[in-house]
Amino acid sequence: MTKPLLVTEPFLPPIDEYIELLEKIWERKWLTNQGPFHQQLEAELCSLLNVPYISLFSNGTLALIASLKHFEIQGEVITTPFSFVATTHAIRWAGASPVFADIDSEYFNLDPLQVEKAITDKTSAILAVHVYGNPCQVEELERIARKHNLKLIFDAAHAFAVRKKDKSILLYGDLSVLSFHATKVFTTIEGGAIVSHNKEEKEKIDQLKNFGFVNEKTILLEGFNAKMNEFQAAFGLVQLKYLSSLIEKRKILTELYRNGLRDIDGIKFLTDQPGIVHNYAYFPILINEEITGKSAAFIYEEFKKYNIFTRRYFYPLISNLPMYRHLASAHPSNLPIANYVSERILCLPLSANYTPSQIEYVIDSLKRIIS
């Protein structure tokens with residue numbers, strides 16, 4: 001039987017490298033609370049990503065919530081319906097109200113024109129997502145945020161190590177939030193981070209993720225527990241050694257997909273944005289049922305017969321979920337492009353562990369399903 005192909009099979013470094021760091025944790029008996037590996041990982045990430053300050057979190061969702069709590073965001077937050085549900089859940093958990101705006105048809109990010117149309121006197125922030133690691137129209141969103149005196153936060157869960165020319169994409173906006181979940185290009189198994197611009201911001205964010213503690217006797221904020229432990233940090237330090245080769249492998253496999261799918265009618269894939277250094281985190285395709293004669297839902301199920309497990313990222317659309325579809329901004333007539341894309345999107349398996357022959361197998365299987 002053919003080996004199952006998962007949408008993102010995490011890269012696992014040689015176990016000996018991890019065990020060596022685990023032994024150091026045992027020797028120190030320092031398991032969490034800003035331990036040595038935690039501090040080392042923060043420093044190495046700042047250097048690698050070329051950002052001034054980074055605060056590690058136990059997961060990306062808590063980092064998203066903390067980014068909103070940091071600015072004491074209230075009222076309405078304009079966001080995308082085309083994302084993983086954590087983006088919108090975080091707005092609710094932070095005590096604000098999500099307002100959906102439609103996406104662009106090229107890279108499926110928030111459409112700045114639709115964002116500006118959605119602004120009211122209740123709007124306090126914009127929470128945009130770099131979908132699949134493709135950057136939003138960052139300069140235009142920054143212009144809108146400045147014009148209307150709004151905070152601009154980027155959910156950069158997919159955008160680890162992505163650069164716009166020589167500048168990290170994480171430096172745009174007021175804060176950027178990363179995810180280090182096991183499905184990501186860089187992982188700490190679970191984990192996340194907030195990239196901030198100055199020391200004062202980092203100090204407040206670090207207090208938020210540690211119950212609001214300033215020191216042993218002083219608590220100034222209504223914080224919570226979102227600290228990354230030493231085991232997660234150690235796993236991340238080992239992962240970092242292989243990052244450049246992992247991204248290069250993903251790039252090679254992405255080009256194999258593009259070359260193999262180029263001549264299939266009814267299949268659209270994303271190309272690299274000009275001037276962007278990508279991380280090749282995902283390989284989404286858009287299926288035009290009118291041409292292929294097969295829907296994304298049908299192809300998704302048929303792939304399983306070939307032992308290929310794709311993901312419908314992102315379906316269902318967040319705005320169509322029971323807890324959000326009652327919102328005025330969630331009505332399908334307000335989000336025609338997001339609804340269109342969500343019904344037709346499929347992410348093909350992509351992992352640095354895969355071989356060219358496995359990618360070719362996926363392509364050949366897709367051709368057989370369509371024909």
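**Group meeting: two sheets and the helices on them**

I'll start with helix 11, residues 296–305, which lies across strand 14 and strand 15 and runs at about 25° to strand 15. This is a predicted model, so please take what follows in that light.

The sheet under helix 11 comes next. Strand 14 and strand 15 belong to an open sheet of three strands, in the order 12-14-15, with antiparallel pairing. Its edge strands are strand 12, at 267–269, and strand 15, at 345–348, and each of them pairs on one side only. On average, neighbouring strands here are turned by 35° against each other, direction ignored. Strand 14, residues 283–287, is joined to strand 15 by four bridges, and the two run antiparallel. If you want one pair to find on screen, take I285, whose bridge partner in strand 15 is L346.

Now the other sheet. Seven strands form an open sheet in the order 1-9-8-5-4-2-3, and the pairing is mixed. Strand 1 and strand 3 stand at the edges with a single partner strand each, so one side of each has no neighbour in the sheet. Neighbouring strands of this sheet are turned by 25° against each other on average, again ignoring direction.

For the parallel part of the pairing, look at strand 4 and strand 5: five bridges join them, and they run parallel. I126 stands opposite L152 in strand 5.

For the antiparallel part, look at strand 9. Strand 1, residues 53–57, is joined to strand 9 by five bridges and runs antiparallel to it. Strand 8, residues 175–179, is also antiparallel to strand 9, with four bridges between them. One residue to note is A193 in strand 9: it is the bridge partner of L56, and also the bridge partner of L178.

How many of the five residues of strand 9 are buried? Five of five, so to speak: the strand is mostly covered. In a regular strand, side chains alternate between the two faces of the sheet. In strand 9, G192, I194 and S196 point one way, A193 and V195 point the other way, and all are buried.

Two helices to place against this sheet. Helix 7, residues 199–208, lies across strand 1, strand 8 and strand 9, at about 10° to strand 1. Helix 3 lies across strand 1, strand 2, strand 4, strand 5, strand 8 and strand 9, and it runs at about 165° to strand 8.

Helix 3 also has a helix partner. Helix 3, residues 60–70, packs with helix 4, residues 86–93, at an angle of about 45°, their axes 9 Å apart. That angle makes helix 3 oblique to helix 4. The crossing is right-handed.

Which residues meet there? From helix 3, T61, L64, I65 and L68; from helix 4, A86, T87, A90, I91 and W93. By class, this contact has seven nonpolar residues, two polar and no charged ones.

Last, helix 4. Its buried residues are A86, T87, T88, A90 and I91. What covers those buried residues? The cover includes helix 3, along with strand 2 (76–79), strand 3 (97–100), strand 4 (123–129) and strand 5 (151–155). Just after helix 4, G95 takes a positive phi of about 95°.

That is the tour; I'll take questions.

Technical notes: Residues numbered from 1 in each chain as written. Predicted model: local features only at pLDDT ≥ 70, side-chain atom pairs only at ≥ 80, totals over all residues. Heavy atoms only, no water. Axes fitted to C-alpha atoms, helices over the stretch in contact; angles between N-to-C directions. Parallel < 35°, antiparallel > 145°, perpendicular 65-115°, else oblique. Left-handed = near helix turned anticlockwise from the far one by under 90°. Contact = heavy atoms within 4.5 Å. Nonpolar A, V, L, I, M, F, W, Y, C, P; charged D, E, K, R; others polar. Buried < 20%, exposed > 50% of the residue type's maximum accessible area, 1.4 Å probe, protein only. Pairing = 2+ DSSP bridges.
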